[in-house]
Amino acid sequence: SFPWDNNANQPFPELNHRVSLLKYYIQYMDENLADSITFIPGKETVRTGQKTTVPQLRRWGRRGDYVAMEMNNHLVQVNHMADHVKVVIWVYNSDLFITIISTTTSYTHSLSSPCPHNIRNRMEDTLQEVKELMVTKGSEVIN
């Protein structure tokens with residue numbers, strides 16, 4: 001609850017609608033997202049007044065049909081918007097993994113073993129976007 005939300009003498013009555021929306025989103029996140037268990041190595045606890053373990057966005061960029069994001073937990077995600085596929089590259093116990101998530105399936109593979117043909121094809125576009133993310137100065141960097 002916010003200190004001003006139940007105050008009839010609120011100095012900014014035009015904020016009532018925004019506060020109501022904010023309360024709705026907070027309730028939704030509390031009920032559906034907070035304390036969810038996600039297997040992502042290197043999770044970092046962010047102190048927000050509520051319990052949460054969320055990786056933080058370090059850098060992102062968009063090019064054509066791709067959005068590439070670098071997180072602060074040794075994870076890179078590239079969204080292939082044309083076919084709604086997400087490719088996540090991550091590290092666990094010093095091993096590099098790739099997870100490919102489509103609208104119907106997901107598949108995780110260790111890159112320390114030979115890649116199946118379908119993963120190799122997907123990796124070509126993905127790695128190009130990761131490379132662009134790292135060298136493009138136009139990428140948004142979040143500190």
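**Exercise 1. Find out how enclosed strand β2 is, and which way its side chains point.**

*Solution.* Start with burial: 6 of the 6 residues of β2 are buried, so this strand is largely enclosed by the rest of the structure. Here, buried means under 20% relative accessible area, exposed means over 50%, and partly exposed lies in between, with a 1.4 Å probe and protein chains only. Strands are DSSP runs of E with at least two residues, helices are runs of H or I with at least four, and both are numbered from the N terminus.

Next, look at the directions. Y66, A68 and E70 point one way from β2, while V67, M69 and M71 point the other way.

Before going on, keep in mind that this is a predicted model, where local features need pLDDT of at least 70, side-chain atom pairs count only at pLDDT 80 or more, and totals for chains, interfaces and linings use all residues. Residues are numbered from 1 along each chain as its sequence is written, and side-chain values use heavy atoms, with hydrogens and water left out.

**Exercise 2. Work out how β2 pairs with β1 and β3.**

*Solution.* Two strands pair if DSSP finds at least two bridges between them.

Step 1: take β1 and β2. They pair in the antiparallel sense over 6 bridges. One example to locate is L57, whose bridge partner in β2 is M71. The two strands form a hairpin with 2 residues between them, and G64 in the turn has a positive phi of about 60°.

Step 2: take β2 and β3. These strands also run antiparallel, joined by 5 bridges. Look for V67, which stands opposite N79 in β3. This hairpin has 3 residues between its strands, and H74 in the turn has a positive phi of about 60°.

**Exercise 3. Trace salt bridges through the chain and describe how covered their partners are.**

*Solution.* A salt bridge is a side-chain nitrogen of Lys or Arg within 4 Å of a carboxyl oxygen of Asp or Glu. A search of the whole structure finds 4 of them.

Step 1: begin with E70 and R58, whose closest N and O atoms are 3.6 Å apart. E70 sits in strand β2 (residues 66-71) and R58 in strand β1 (residues 57-63), 12 residues apart, so the pair links distant parts of the chain. E70 is buried at 14% relative accessible area, whereas R58 is partly exposed at 37%.

Step 2: go to E129 and R63, which meet in a salt bridge of 2.7 Å, N to O. The partners are 66 residues apart, with E129 in helix α2 (residues 117-135) and R63 in strand β1. E129 is buried, with a relative accessible area of 5%, while R63 is partly exposed at 38%.

Step 3: find D83 and R122, where the closest N and O atoms are 2.7 Å apart. D83 lies in the loop between β3 (75-80) and β4 (85-92), and R122 lies in helix α2, 39 residues away. D83 counts as partly exposed at 37% relative accessibility.

Step 4: look for shared partners. R58, R59 and E70 are joined into one network in this way.

**Exercise 4. Describe how W90 and F97 are arranged.**

*Solution.* Rings of Phe, Tyr and Trp (its six-membered ring) pair if their centres lie within 6.5 Å; planes under 30 degrees apart count as stacked, over 60 as edge-to-face and the rest as tilted. The structure holds 1 aromatic pair. W90 and F97 form it, with 4.8 Å centre to centre and 20° between the planes, so they are stacked. For burial, W90 counts as buried at 10% relative accessibility, and F97 is buried too, at 17%.

**Exercise 5. Place I101 in the structure and list its contacts.**

*Solution.* I101 is found in strand β5 (residues 95-101). At 32% relative accessibility, this residue counts as partly exposed. Contact means heavy atoms within 4.5 Å. Leaving aside its neighbours within four places in sequence, I101 is in contact with H84, V85, K86, V88 and S106. As a last step, find N79: its C-alpha atom and that of I101 are separated by 9.4 Å, and the two residues are 22 residues apart along the chain.
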